[in-house]
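Visitor: I would like a close look at one part of this protein, with its surroundings filled in as you go. Could you take me through it step by step?

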Amino acid sequence: MLRLRIWLTALPRNALILTDTPRPDCHTCEGVGGIEHDYGDYETGEWAGTEWEFCSCWTPWAVTLLPLPRRPRWLRRRRDTGRDPWAPAGYSDEPPF
């Protein structure tokens, strides 16, 4: 049984995506959607990485429903300069308390 949800993504462009979610009452993965397996380096025995095995209760697919338009330049946020815009000359001379 599919458990669908709508998801907003920003990479590579803003879009609405339809995706499947793992079963929350799954006894194998406990609702995560997969099982992590740590593995080590055979020569040193130290941790070398983690592999992910997908559970049978979840399929990692996604379908793009609607690409969202970009914001016009005049609506984009401006960078914060760290100055107080309401202070005289844009800079506060009061000490912080």
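**A loop residue and its setting**

Guide: Happily, let's begin in a loop. Glutamate 46 lies in the loop between β3 (34-40) and β4 (47-54). Please keep in mind that this is a predicted model. Glutamate 46 counts as exposed because its relative accessible area is 56%, and the cut-off for that label is over 50%. Setting aside neighbours within four places in sequence, the contacts of glutamate 46 are Gly40 and Asp41.

Now for the chain around that loop. It has 5 strands and 0 helices, so in sequence order its pattern reads β-β-β-β-β. Of the 97 residues in the chain, 18% are buried. Taking contacts between residues at least 6 apart in sequence, 39% join residues at least 24 apart.

For a contrast with glutamate 46, turn to another acidic residue, aspartate 20. Aspartate 20 belongs to strand β2, which covers residues 15-20. Aspartate 20 is buried, yet it has no salt bridge. What is the nearest side chain of opposite charge to aspartate 20, and how far away is it? That side chain is arginine 3, at 6.5 Å. A salt bridge would need a side-chain nitrogen within 4 Å of a carboxyl oxygen, which is why this pair does not count as one.

Aspartate 20 does have polar partners, though. A polar atom of its side chain lies 3.2 Å from the backbone nitrogen of arginine 3. The side chain of aspartate 20 also makes a polar contact with the side chain of threonine 59, again at 3.2 Å. Beyond neighbours within four places in sequence, aspartate 20 is in contact with Leu2, Arg3, Trp58, Thr59 and Trp61.

Strand β1 (residues 4-9) offers a second buried residue, threonine 9. Threonine 9 is called buried because its relative accessibility is 15%, and the label applies under 20%. Leaving out residues up to four places away in sequence, threonine 9 touches Asn14, Ala15 and Ile17.

Let me finish with the rings. Arginine 5 lies over the face of tryptophan 7, 5.8 Å from the ring centre. As for rings facing one another, the structure holds 1 aromatic pair.

To draw the picture together: glutamate 46 is exposed in its loop, while aspartate 20 is buried without a salt bridge and has a polar contact with threonine 59.

Technical notes:
Residues are numbered from 1 along each chain as its sequence is written. This is a predicted model: local features need pLDDT of at least 70, side-chain atom pairs count only at pLDDT 80 or more; totals for chains, interfaces and linings use all residues. Side-chain values use heavy atoms; hydrogens and water are left out. Rings of Phe, Tyr and Trp (its six-membered ring) pair if their centres lie within 6.5 Å; planes under 30 degrees apart count as stacked, over 60 as edge-to-face and the rest as tilted. A charge sits over a ring if NZ of Lys or CZ of Arg is within 6 Å of the ring centre and within 35 degrees of the ring normal. Helices (H or I, at least four residues) and strands (E, at least two) are DSSP runs, numbered from the N terminus. Buried means under 20% relative accessible area, exposed over 50%, partly exposed in between (1.4 Å probe, protein chains only). Lys and Arg count as positive and Asp and Glu as negative; His and the chain ends are not counted. A polar contact is a pair of N or O atoms within 3.5 Å; within protein, one must be able to donate a hydrogen and the other to accept it, and residues adjacent in sequence count only if both atoms are side-chain atoms. Contact means heavy atoms within 4.5 Å.
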